[in-house]
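I have a fresh model open and my notebook beside it. Let me write down what I look up as I go.

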Amino acid sequence: MSDAALARHIAETAGELLLTLQASGLIQGKALGRAGDRVANAFIVEALRQARPDDALLSEEEAADPARLGHSRVWIVDPLDGTREYSEGRSDWAVHVALAIDGVAAIGAVALPALSLTLGSDDPPPIACAGEAPLRMLVSRSRPAAHAVAVAEALAAELVPMGSAGAKAMAVVRGEADIYLHSGGQYEWDSCAPVAVARAAGLHVSRIDGSPLVYNREDPYLPDLLICRKEHARRVLDLVARIDA
Ligand SMILES: Nc1ncnc2c1ncn2[C@@H]1O[C@H](COP(=O)(O)O)[C@@H](OP(=O)(O)O)[C@H]1O
Ligand SMILES: [Mg+2]
């Protein structure tokens, strides 16, 4: 199986496990989120260890193994992105499975199980036609980034609150929104798979200063990102630079 097909298969299966856990009705609220994190992580870690024993792994739910820093190929996974939304029974949560090669988000799959949808870097959907004005900008529903709010105001864009970095990034890939701009905190697992899919789909992906997103660093904190249709990137990056000046 190719790396891309493996990423997709694992993300999809973890999503099915999460839906089953939720549908049992036996665990609710924050405990459901905790159980989801653990169940999905256990499956993903074992599946990757069996299928790719020579590769390294970085998961939100595992103690970081410093040996990964000596590896070129590192699987970077977020077993349940949007834990809060999953535990509330909403549809904006995701499973992220990515393979970073030499620091680049090379291959990835993002499952959106509540939408019965998995998007992979091997088969990204064609970029949809630009929507009608105003532009739609995605922000965290629990902690909207200051940069995003300021840029939206400057662009007279509509703010669309949504949970999960993966769900937001895939909303841009699917043409439901134009820009996902985040600042103020995130980790490599929050963005690696979404960035691999968005890149393969032909979208702009970068840090908010325009520099590349680099993965498998010693400190996995990767606090900001911009994913958007290419035609908006320059304007958004210029606005961010002006805000930070
Ligand atoms: N300021 C911040 N600091 C650290 N992590 C953040 C963050 N803002 C968002 N995130 C993480 O990014 C993911 C998407 O967040 P949001 O829905 O608010 O956009 C969540 O992942 P998890 O659900 O895997 O924890 C969340 O924890
Ligand atoms: Mg996450």
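**Entry 1: a first sheet**

In what order do the strands of the open sheet with β1 to β5 come, and what is the pairing? I read the order as β1-β2-β3-β4-β5, five strands with mixed pairing. At the edges I find β1 and β5, each paired on one side only. On average, neighbouring strands here are turned by 15° against each other, direction ignored. A reminder to myself: this is a predicted model.

I then looked at one pair of strands in more detail. β4 and β5 run antiparallel and are joined by four bridges. Valine 110 has leucine 119 in β5 as its bridge partner.

Next I asked which helices pack on this sheet. Helix α2 (residues 29–51) does, touching β1, β2 and β3. The direction of α2 makes about 155° with that of β2. Helix α6 packs on the sheet as well, and I see it touching β1, β2, β3, β4 and β5. Against β4, the direction of α6 makes about 95°.

**Entry 2: the other sheet**

I moved on to the strands from β6 to β10. Five of them form an open sheet, ordered β7-β6-β8-β10-β9, and the pairing is mixed. Why do β7 and β9 each have one side without a neighbour in the sheet? β7 (158–162) and β9 (204–206) stand at the edges with a single partner strand each, so one side of each is left free of a neighbour. From one strand to the next, the twist averages 20°.

For β9 I also checked the partner. That is β10 (residues 225–228), joined to β9 by three bridges, and the two run antiparallel. Within this pair, valine 205 is bridged to isoleucine 227 of β10.

**Entry 3: two helices side by side**

Having met α6 on the first sheet, I wanted to know how it lies against α5. The axes of α5 (residues 165–173) and α6 (residues 188–200) come within 9 Å and cross at roughly 10°. That angle makes α5 roughly parallel to α6.

Which residues meet there? From α5 I list Ala165, Gly166, Ala169, Met170, Val172 and Val173, and they meet Asp190, Ser191, Ala193, Pro194, Val197 and Ala198 of α6. By class, I get nine nonpolar, two polar and one charged residues in this contact.

**Entry 4: the two domains**

The domain assignment gives me domain 1 (3–120) and domain 2 (136–244). Their C-alpha centres lie 20 Å apart. How many residues of each domain are in contact with the other? I note 32 from domain 1 and 26 from domain 2.

On the domain 1 side, at least two residues each come from β1 (56–59), β2 (73–81), α3 (83–87), β3 (94–101), β4 (104–112) and β5 (117–120). β4 gives the largest share, seven residues. Sorted by class, this side of domain 1 has 18 nonpolar, six polar and eight charged residues.

**Entry 5: around the ligand**

Last, I turned to ligand 1. There are 15 residues around it, and Ser140, Gly163, Ala165, Gly185 and Asp190 come nearest. Two of these names were in my helix list too: Ala165 of α5 and Asp190 of α6. Which classes make up the shell? I see one nonpolar, nine polar and five charged residues. Domain 1 and domain 2 each contribute at least three residues to the shell around ligand 1.

Definitions and conventions: Residues numbered from 1 in each chain as written. Chains lettered and ligands numbered in written order. Predicted model: local features only at pLDDT ≥ 70, side-chain atom pairs only at ≥ 80, totals over all residues. Near = placed C-beta within 6 Å. Nonpolar A, V, L, I, M, F, W, Y, C, P; charged D, E, K, R; others polar. Domains from an automatic or database assignment. Pairing = 2+ DSSP bridges. Axes fitted to C-alpha atoms, helices over the stretch in contact; angles between N-to-C directions. Parallel < 35°, antiparallel > 145°, perpendicular 65-115°, else oblique. Contact = placed C-beta atoms within 7 Å.
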